[in-house]
Amino acid sequence: MAEPLLRIRSLRLDIEDHDRSRAVLLDVNFDVMPNEVMGLVGESGSGKTMTALTVMRLLPPAARASAGQIDFGGQNLLSLPESGMRQVRGSKIAMIFQNPRAALNPLMRAGDQVARALMLHQGLTRPEARRASIDLLRHVGISDAEARARAYPHQLSGGMAQRVLIAIMLACRPALLIADEPTTGLDVTIQAQIFELIKKVQAETGASLLLITHDLGVVSEVCQRVAVMYAGQIMEQAGVRDLFQRPSHPYTERLLGSILRVDQAAELDTTRAIAFASIDYDSAGCRFANRCPDVLDVCWAERPAACWLGDDHVVFCHLRSEGQP
Ligand SMILES: Nc1ncnc2c1ncn2[C@@H]1O[C@H](COP(=O)(O)OP(=O)(O)OP(=O)(O)O)[C@@H](O)[C@H]1O
Ligand SMILES: [Mg+2]
């Protein structure tokens, strides 16, 4: 079995907020294998972005990774000095964000930003990089690439800006790409095109992709494996097919149930369809207990241990460890 490219173990992230500290990530464990598309799903506030930002070490000042390790390329990223981390960001791990225009330099033409990445990461000369940048823009589906290369970010549509970011990322040739809700805010048709492009780029480069999304529909089309996060914890993790056929955590079941409803009522946001109860970060038990339809006494008192349902399917739920079907 191949070694994982990224291995996250026992990760805990505390955020200081209004004089109190909350573990917004607690005992997070998952791997991303080479050349794999791994999905990370969960509702708003579940800790998906914080997980990505911890890997990139781009956390807000109030946040601190207080336990665990993030192994990547033989190094624990959590103990790497900032100078080492700067070499990892961009060159080895690249991230594309929800708001592509904000991630681009507003004062620099789109083509120059791609060319700069090519010079920096592939050692091309300026004229070589100029030419290659146009090719790359074409490659990510930008028509009239010469003209678009001269545009500034504010002159680009959101979908176009995301394509430029993907071109920059391609220029960097990272081993791992993290895409955090890369199509939020784009038109539905453009969203589908961007996912197609991300899939194509991933397949061509052989990079691994960690895809963060609310949308289990996207996961089913793009990902091979998926981790379901709730309140800063992984509740279930499995191959995509297995998860859809055999969802084993009550939270996963509800997420899947809500997409089925969404297919019927197109406008509904899948995850917000679930009734909201505030998360009890101090709970000694399962963080989903106060929203779980099948809660047991033990759920309030003890955190569920991992229950393996197959080689690659794990669930954290007392209902399963109690041996119920
Ligand atoms: N800068 C910050 N300061 C304090 N708390 C924060 C900060 N950013 C995020 N949090 C908290 O961390 C937790 C996890 O947030 P995160 O942004 O990772 O969620 P998410 O799963 O990415 O949600 P979304 O789907 O809305 O993007 C939430 O409780 C959030 O309130
Ligand atoms: Mg987020």
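The largest cavity in this predicted model has a volume of about 60 Å³. How many cavities of 30 Å³ or more does the structure hold? One. How do we find such a space? Rolling a probe the size of a water molecule over the atoms shows where empty space is left.

Now look at the walls. The lining includes four cysteines by name: Cys286, Cys292, Cys299 and Cys317. His249 and His318 line the cavity too. Phe288, Ala289 and Pro304 complete the list. By type, seven of the lining residues are nonpolar and two are polar. Charged residues are absent from this lining.

Next, the packing. The largest nonpolar core has 60 residues. Which of them touch the most other members? They are Val114, Leu137, Val164, Ile166, Ile168 and Leu211. Helix H7, residues 158-172, gives the most to this core, with 11 residues. There is also a second, separate core. That one has 35 residues, including Ile8, Leu13, Leu80 and Val88.

Let me stop at Leu137. What does Leu137 contact, once its neighbours within four places in sequence are left aside? Going up in number, Leu137 meets Gly111 and Val114, then Ile142, Ala145 and Ala149. Val164 and Ala167 are also in contact with Leu137. Val114 and Val164 were on our earlier list of residues that touch the most other core members.

Now helix H1, residues 48-56. Is H1 largely enclosed or open? Eight of its nine residues are buried, so the rest of the structure largely encloses H1. Lys48 is one of the buried residues. Met50, Thr51, Ala52 and Leu53 are buried as well. So are Thr54, Val55 and Met56. Just after H1 comes Arg57, with a positive phi of about 55°.

Let's step back to the whole chain. The secondary structure comes to 13 helices and 12 strands. The radius of gyration is 20 Å, and the globule rule gives 20 Å for 325 residues, so the chain is as compact as a globular protein of that length. Along its principal axes, the C-alpha trace spans about 70 × 50 × 45 Å.

How much of the chain counts as buried? The figure is 50% of the 325 residues. And the contacts? Take those with a separation of 6 or more: residues 24 or more positions apart account for 63% of them.

How values were computed
Residues are numbered from 1 along each chain as its sequence is written. Chains are lettered from A and ligands numbered from 1 in the order in which they are written. This is a predicted model: local features need pLDDT of at least 70, side-chain atom pairs count only at pLDDT 80 or more; totals for chains, interfaces and linings use all residues. Side-chain values use heavy atoms; hydrogens and water are left out. On a 1 Å grid over the protein atoms alone, a cavity is a set of points where a 1.4 Å probe fits but cannot get out, and a pocket is an open set with protein on both sides within 12 Å along at least five of seven lines; lining residues have an atom within 4 Å of a point. Grid points are joined across faces, edges and corners, and a volume is the space filled by probe spheres set on the points. Ala, Val, Leu, Ile, Met, Phe, Trp, Tyr, Cys and Pro count as nonpolar, Asp, Glu, Lys and Arg as charged, and the others, Gly among them, as polar. A nonpolar core is a set of buried Ala, Val, Leu, Ile, Met, Phe, Trp, Tyr and Cys residues joined through side-chain atoms within 4.5 Å. Buried means under 20% relative accessible area, exposed over 50%, partly exposed in between (1.4 Å probe, protein chains only). Helices (H or I, at least four residues) and strands (E, at least two) are DSSP runs, numbered from the N terminus. Contact means heavy atoms within 4.5 Å. The radius of gyration is taken over C-alpha atoms; the globule rule is 2.2 Å times the number of residues to the power 0.38.
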